[in-house]
Structures are given as C-alpha cells and as structure tokens.
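Colleague: I should be grateful for a close look at one part of this model. Please choose a single residue and describe the surroundings in which it is set.

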Amino acid sequence: MAQCAGNFNAALERGWLARVNLIFSSSRGRAVRAPKQKILASIKIFPQNLFYARMKAKIIITPKKAVVDPQGITVLKALEHMGHRGIKAVHVGKYLEIELDATDKEAARKALDEAAHKFLSNPVIEDYKLEIE
Amino acid sequence: MNFAVLQFPASNCDQDCVHAVRALGHTANFIWHKDTSLGDADAVIIPGGFSYGDYLRCGAIARFSPVMQAVKQFADNGGLVLGICNGFQILCETGLLPGALVRNRDLQFHCEQVFLKTNNFETPFTNKISAEKILKIPIAHGEGCYFADEETLAKLKANKQILWQYCDANGNLTDAANPNGSLQNIAGICNERRNVAALMPHPDRASEEILGSADGKFIFESMIAALQNKTAAKAA
C-alpha cells in the first residue's frame, strides 16, 4: 500500500493525473478500489497548483497613434462610402489567442506579457492588451 | 574580402547578393540561419526576401534565428553588417538599427526604380559614392515605410545616420519621389557606430548594367574599400 501511495505521489507530482480516481492493485494482483478515506488523506498533502488548468490568453495588438494607419483610413473611407455616418476613426490591428496549460495564472500572465512585449508585438510601432481567462 | 550572406527560410535575394560580391572579385558564402558561426567573414549581408513568410511582422521571427546571435556579436565587435530590404526589417526588429518598417502608405507593393540621394559620404557603405551622384536602384516591397518617433528621427538627423533618401532624378526630396511614405523620405540608415547599415532598395539588383543600373556596386565597393583600409591600417 505504501508503495502504491508512493507511485501515486510521484505520478501526481509529474502532473500525469488530473483526476483523483485511482485503482490500487492488491498484492493478489486483483484491482481493488482503495478506501475513500485513504485517497482523500493522501490528496490533502498535495498543494492545489499541481493540477494544470487549460487557460486562454487573448492579446489585442494595435498600431500606435503616432504611426500612420493607411489600412484604418481606407476602411473608414469604405464604411463612409457604404453609407455609415459619424465614424471618427478606424484602427486595424491584430488579435492573437493563445491556449496553454499552466498551474499558476499570474506566472502565465507574466510570461506571456514578456512574450507580447519582446516578440508578439513591436513596441516601436504597436501597443498591446493582454487578458487571461 | 569574404562576405557572409545569410539565408533564412524564404530569403530570396541571397543568390543575387552572392553574385554581386563575386562579380566584384571577392568571395561570398551562404550562411544558413541555423548556423551559429559566421566563419571567417569580414562582412555580413542580410539579403532581401520574405523570411518566414513575413508572418506576424516582417523579420519578427528571423530575428530569433540562431545565426542572429553571431551577427549581434559580430556587430558589437565592429564588424560590417549590411541589411537589404527584408534585411533592413530584420535589423530593426533585432534593435541593431532604430525604428521600424511598416506597410507602404498607399497599401501597394512597389516594384520600380527609385533615385537615392546620399547624405553621408564618410561611412563604410558610402565612401565610394561621389558627391552629387544620384543612385538609381530598384525597390520591391510592400512594407518599406520607415517609421521612428520624433526623438529618434532628430537623433538620426543630428548624427548623420540617415544615409540615403528617396529623391527625384535631380536630387530633390519630394513627396512624389517617396514610393512608400517613409518619414523624411528615409531609404536607408546606419547605426551610431557606422558599422551596421541597411536600406530598402536593392543594390544587389543594380550591380550590372544589363539590369538597368550598376549604381548598387558603389555600396559594395565602399564596404570592400573600408575593409581593405582597416586591414592596411592593422598591418601598418
């Protein structure tokens, strides 16, 4: 039983197990479900964040105001041509969706923020907004 | 003199750059973007093309290729680096040159001959260009509009880092002569140290008369002369 608990711990630590259901094999080779209390007891010692969660980051990248945006101007003119009135400005940007498995939302946000600043956007000509859910 | 010409996935002017250098009697080697060494290169050329399909932004992904670490080291040690078209975009993304290249103002891809006025004749890229000479060189780009903020532009001007500007046949800087909306008609710049330079036009496509102009040769010849002077100075 101790051996099984050890394997269970190791497997959880490696993030292989997302669910609590486990079947411990008995010494006679027949699979038996371990008593609920034993499983619950072994779960308590593991911190919550060993379980990975699927998160989705949404990044909106827009041209800086100082950069002339001919695409935006063209789209605005086209909208006016189609009959829309009162449109003051159009800015054409980029939208990225990044799906990731992470245990810590804040750490993921920090990492993606760095990626957005260094690579996904060019700070010379673009601004970005990052949301994680 | 030995030139290293980089190759990224979808670079397409590498062959022209190598040919231009070899036609001048010097050696040129292709360096694959995954190589981490430039060999015994005396100068590096980052050629034109659509590296990585221009995905995300032109040059945004190429900038992280392994070879760029070696290029950065080479530039930090004073080595000569010339970026052409996509090469200009990659150098800006890397931060070795200031500013950025964005979509042409009229949203059109421009493939035509332009005239360039040289502003600083005392760099390794312009020392063979005679004063008053207007260079006729072709462009072929959709994202060649140079942008930098006011402060950077002022610094570039003050430091004489703006090497080439689009002009008409008589050397006048006009709007009509500006094919892509670049601020101050900027076609090419260099860094403060003057060892890294780049331009949107293609000197590699103007190195033989049969192509319509051989004015691009002056830029390569300038680099060769600068390297030869450096070697001579070291020997002395």
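Modeller: The account below begins with one residue of chain B, Leu82(B), and then moves outward to other parts of the model. Please keep in mind that this is a predicted model.

Leu82(B) belongs to strand β4 of chain B, which covers residues 80–84. Is this residue buried or exposed? Within 10 Å of Leu82(B) there are 30 other C-beta atoms; a residue counts as buried when 20 or more lie within that distance, and therefore Leu82(B) is buried. Setting aside residues up to four places away in sequence, Leu82(B) touches Ala43(B), Ile45(B), Phe125(B), Ala197(B), Ala198(B) and Met223(B). A residue that lies elsewhere is Lys157(B): it is 75 residues from Leu82(B) in sequence, and the two C-alpha atoms are 20 Å apart in space.

The surroundings of Leu82(B) form part of a wider picture. The largest nonpolar core has 77 residues, and among these Val44(B) and Leu82(B) touch the most other members. The element that gives the most to this core is helix α5 of chain B (residues 217–235), with 6 residues. The model also has a second, separate core of 6 residues, including Ile59(A), Ile61(A), Leu112(A) and Ala116(A). As for Val44(B), its contacts, apart from neighbours within four places in sequence, are Ala4(B), Leu6(B), Leu38(B), Val71(B), Phe74(B), Gly79(B) and Val81(B).

Two loop residues of chain B offer a contrast with the buried Leu82(B). Most residues other than glycine have a negative phi. Ala10(B), however, has a positive phi of about 80° although it is not a glycine. This residue lies in the loop between β1 (2–7) and α1 (14–23) of chain B. Ala10(B) has 14 C-beta neighbours inside 10 Å, and so counts as partly exposed. Gln184(B) likewise has a positive phi, near 55°, and is not a glycine. Its place is the loop between β9 (162–167) and β10 (186–190) of chain B. With 15 other C-beta atoms within 10 Å, Gln184(B) is partly exposed.

Chain B also meets chain A: 13 residues of chain B are in contact with 10 residues of chain A. On the side of chain B that touches chain A, 5 residues are nonpolar, 2 are polar and 6 are charged.

Chain A itself has 4 helices and 5 strands, which follow one another from the N terminus as α-β-β-α-β-α-β-α-β. Of its 133 residues, 9% count as buried. Among the contacts in chain A with a separation of 6 or more, 62% join residues 24 or more positions apart.

An open sheet of 3 strands in chain A has the order β4-β3-β5, with antiparallel pairing. Its edge strands, β4 (94–102) and β5 (126–132) of chain A, each pair on one side only. On average, neighbouring strands of this sheet are turned by 20° against each other, direction ignored. Strand β3 of chain A (residues 53–63) is joined to β4(A) by 9 bridges, and the two run antiparallel. In this pairing, Lys58(A) stands opposite Glu97(A) in β4(A). Helix α4 of chain A (residues 105–120) packs on the sheet and touches β3, β4 and β5 of chain A. The direction of helix α4 of chain A makes about 160° with that of β5(A).

Definitions and conventions:
Residues numbered from 1 in each chain as written. Chains lettered and ligands numbered in written order. Predicted model: local features only at pLDDT ≥ 70, side-chain atom pairs only at ≥ 80, totals over all residues. Contact = placed C-beta atoms within 7 Å. Nonpolar A, V, L, I, M, F, W, Y, C, P; charged D, E, K, R; others polar. Buried ≥ 20, exposed ≤ 12 C-beta atoms within 10 Å, placed from the backbone. Core = buried A, V, L, I, M, F, W, Y, C linked by C-beta atoms within 7 Å. Pairing = 2+ DSSP bridges. Axes fitted to C-alpha atoms, helices over the stretch in contact; angles between N-to-C directions.
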